Amino acid sequence: MPDTDVPGPMPASLPIALDAMGGDYAPEEIVAGAVQAVREHGIPIVLVGEPRPLMEALSLHDALAEIPIIRAEEALAMDEGALASLRRPRSSIAVACHLVRRGDACAVVSAGSTAGIVATGKLRLRSQNGVLRPALTVALPTRPTPTVLLDAGANAEVKPEMLVQFAHLGAAYAETVLEITDPGIGLLTIGSEPEKGNKLVKRAHELLSAAPGLRFAGNIEGHDLLTGAVDVIVTDGFTGNVALKTMEGSVRYAFTELRETINESRAARLGGLLQRKRLRELVQRLDPEVHGGAVLLGLNGTVVIAHGSSQAKGVSAACVLAARLARQGVVTRIGERLGAAHRPHRLW
């Protein structure tokens with residue numbers, strides 16, 4: 001039977017529930033991002049948080065009449081972990097999740113504590129039928145299409161069966177959002193050979209190789225993350241988070257070195273000027289503020305987690321991503337894919 005708890009594609013008229021109190025630059029930059037999403041992209045937004053500072057921030061943009069506010073009595077601090085979701089049942093992220101569960105919003109966006117958002121999302125929205133753990137999902141800027149990486153930090157410790165589910169979550173995302181037909185799945189480990197890795201990876205390799213509905217391409221290594229070798233990369237949250245932050249740091253270092261090199265001499269500055277368009281395109285492609293953040297897949301609702309240091313551009317991009325996910329029905333697609341994977345196969 002179909003899972004009646006899984007929502008279908010959300011109507012375009014439903015707003016994004018934006019946690020206005022989460023993030024290093026909340027609420028000012030969060031509000032500025034909301035205004036940008038409304039005015040430049042036509043995305044309806046409802047701000048969740050303490051009314052007084054939100055009204056003050058909206059007034060700076062002359063946007064009091066454009067974006068409504070839903071009161072939340074508390075907010076999760078950036079350094080608070082998973083237990084904060086129980087200690088603060090009326091936090092802004094909890095209220096935002098409740099709006100989605102009640103059908104008053106199509107998605108949640110927050111730049112707050114990742115651990116707090118994951119725990120609150122699991123508590124308020126609950127996992128989809130059959131999902132063991134939700135996974136944090138990011139789209140790596142590979143060519144010609146992005147590569148989906150999960151888990152990027154929601155589950156430090158996992159079981160092999162969870163990695164198989166992560167593969168289905170990632171495949172559903174790639175099919176629905178990136179429009180990739182029959183996405184290839186890769187397992188991140190220390191070698192391409194099937195026997196490479198720890199017990200978790202070896203068992204996961206066996207399960208993925210036999211999993212119906214998945215095109216498992218085998219193991220991949222860390223140097224394959226940005227090559228586009230596969231469409232979906234699965235790993236545990238500890239490894240995935242380390243890999244993601246290593247890439248982010250490497251990109252920042254490379255751009256710093258490139259900027260200093262370009263400014264070293266007149267000839268270098270002239271060369272940089274001639275390549276200005278290509279350099280701008282490269283910065284745009286690798287800038288995490290442009291891509292909107294990570295998606296928490298496997299819940300009965302769409303949750304997008306923006307980078308904690310997101311400013312207006314990043315918050316707006318996160319809202320654009322959330323609206324797209326809700327409109328395309330990625331939650332429904334995950335439910336269908338998992339249902340098909342668990343359905344008994346006839347032998348006649």
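Axes here are lines fitted to C-alpha atoms, for helices over the stretch in contact, and angles run from 0 to 180 degrees between N-to-C directions. Helices (H or I, at least four residues) and strands (E, at least two) are DSSP runs, numbered from the N terminus.

This is a predicted model: local features need pLDDT of at least 70, side-chain atom pairs count only at pLDDT 80 or more, and totals for chains, interfaces and linings use all residues. Residues are numbered from 1 along each chain as its sequence is written, and side-chain values use heavy atoms, with hydrogens and water left out.

**View 1. Helices α4 and α5 pack against each other.** Helix α4 covers residues 92–101 and helix α5 residues 114–124; they pack at an angle of about 35°, with their axes 9 Å apart. Their crossing is right-handed (the near helix is turned clockwise from the far one by less than a right angle; anticlockwise would be left-handed). I93, A94, C97 and R101 of α4 touch I117, T120, G121, L123 and R124 of α5, where contact means heavy atoms within 4.5 Å. Sorted by class, that makes five nonpolar, two polar and two charged residues. For the classes, Ala, Val, Leu, Ile, Met, Phe, Trp, Tyr, Cys and Pro count as nonpolar, Asp, Glu, Lys and Arg as charged, and the others, Gly among them, as polar. Follow the chain on from α5 to the loop before β5 and you meet R126, whose phi is near 70°, a positive value in a residue other than glycine.

**View 2. Helix α6 crosses helix α7.** The axes of α6 (residues 160–176) and α7 (residues 199–210) come within 8 Å and cross at roughly 50°. The two helices are therefore oblique to each other (angles under 35 degrees count as roughly parallel, over 145 as roughly antiparallel, 65 to 115 as roughly perpendicular and the rest as oblique). This crossing is right-handed. On the α6 side, look for P160, E161, L163, V164 and A167; on the α7 side, for L200, R203, A204, L207 and L208. The tally here is eight nonpolar, no polar and two charged residues.

**View 3. Helix α1 meets helix α12 and lies across two strands.** α1 packs on α12 (residues 312–328) at about 55°, and their axes are 7 Å apart. This pair is therefore oblique, with a right-handed crossing. From α1, residues including E29, I30 and H41 meet α12 residues, among them K313, V315 and C319. The contact divides into eight nonpolar, four polar and two charged residues. α1 (residues 28–41) also lies across β1 (16–19) and β2 (45–49), running at about 165° to β2.

**View 4. An open sheet is built from 11 strands.** The order is β3-β2-β1-β4-β11-β10-β5-β6-β9-β7-β8, with mixed pairing (two strands pair if DSSP finds at least two bridges between them). At the edges sit β3 (69–71) and β8 (215–220), each pairing on one side only. On average, neighbouring strands are turned by 25° against each other, direction ignored. Inside the sheet, β6 (residues 147–150) and β9 (residues 232–234) run parallel and are joined by three bridges; L150 stands opposite V234.

**View 5. Cis peptide bonds turn up at R143 to P144 and at L150 to D151.** The R143 to P144 bond has omega near 0°, and P144 lies in the loop between β5 (135–140) and β6. For L150 to D151, omega is near 10°, with D151 in the loop between β6 and α6.
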